[in-house]
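Hi there,

Here is the structure I promised to pass on. Have a look at it first, and then read on for what turned up.

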Amino acid sequence: MAAKKQVTELIALQCSECKRRNYTTSKNRRNIQEKLEFKKYCPHERKHTLHKETKIK
């Protein structure tokens with residue numbers, strides 16, 4: 001049998017400039033359908049950049 005999908009899923013936040021996955025978080029798929037975007041600090045660029053949601057491999 002296939003496993004039941006969870007309501008909350010783990011996601012990674014990828015920097016839009018250096019393309020590295022710097023942060024992980026979870027989101028509730030019932031409440032938020034669109035992809036998340038946050039301005040967060042990128043330690044590789046050493047500045048605040050836009051981080052977008054990607055899947056964890």
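Of the 57 residues in the protein chain, 21% are buried. Please keep in mind that this is a predicted model. The exposed surface of the protein chain comes to about 4900 Å², and carbon and sulfur atoms account for 48% of that area.

On the overall shape, the radius of gyration is 13 Å, whereas a compact globule of 57 residues would have one near 10 Å. The box that the C-alpha atoms fill, taken along the principal axes, is roughly 45 × 20 × 10 Å.

The secondary structure is quick to describe. There are four strands and zero helices in the protein chain, giving the order β-β-β-β from the N terminus on. If you look at contacts between residues at least 6 apart in sequence, 39% of them join residues at least 24 apart.

As for charges, the protein chain carries 16 positive and 6 negative ones, and the mean positions of the two groups are 5 Å apart.

Now to a residue you may want to bring up on your screen. T54 belongs to strand β4, which covers residues 47-55. Is T54 buried or exposed? T54 has a relative accessibility of 16%, and because the cut-off for buried is under 20%, T54 counts as buried. Which residues does T54 touch, leaving aside those up to four places away in sequence? They are I11, A12, Q14 and R21. With R21 there is also a polar contact, side chain to side chain, at 3.2 Å.

Two loop residues deserve a look at their backbone angles as well. K19 sits in the loop that links β1 (8-15) to β2 (21-28). Its phi is positive, about 65°, although K19 is not a glycine. K19 counts as exposed, because its relative accessibility of 54% is over the 50% cut-off.

The other one is R46, found in the loop between β3 (37-42) and β4. R46 is likewise a residue other than glycine with a positive phi, here near 60°. With a relative accessible area of 70%, R46 is exposed too.

So when you open the file, you could begin with T54 and its polar contact to R21, then move to the loops that hold K19 and R46.

Happy to talk it through whenever suits you.

Best wishes

Note on methods
Residues are numbered from 1 along each chain as its sequence is written. This is a predicted model: local features need pLDDT of at least 70, side-chain atom pairs count only at pLDDT 80 or more; totals for chains, interfaces and linings use all residues. Side-chain values use heavy atoms; hydrogens and water are left out. Buried means under 20% relative accessible area, exposed over 50%, partly exposed in between (1.4 Å probe, protein chains only). A polar contact is a pair of N or O atoms within 3.5 Å; within protein, one must be able to donate a hydrogen and the other to accept it, and residues adjacent in sequence count only if both atoms are side-chain atoms. Contact means heavy atoms within 4.5 Å. The radius of gyration is taken over C-alpha atoms; the globule rule is 2.2 Å times the number of residues to the power 0.38. Accessible areas come from the Shrake-Rupley method with a 1.4 Å probe; for residues, only the protein chains shown count as cover. Lys and Arg count as positive and Asp and Glu as negative; His and the chain ends are not counted. The place of a charge is taken as NZ of Lys, CZ of Arg, CG of Asp or CD of Glu.
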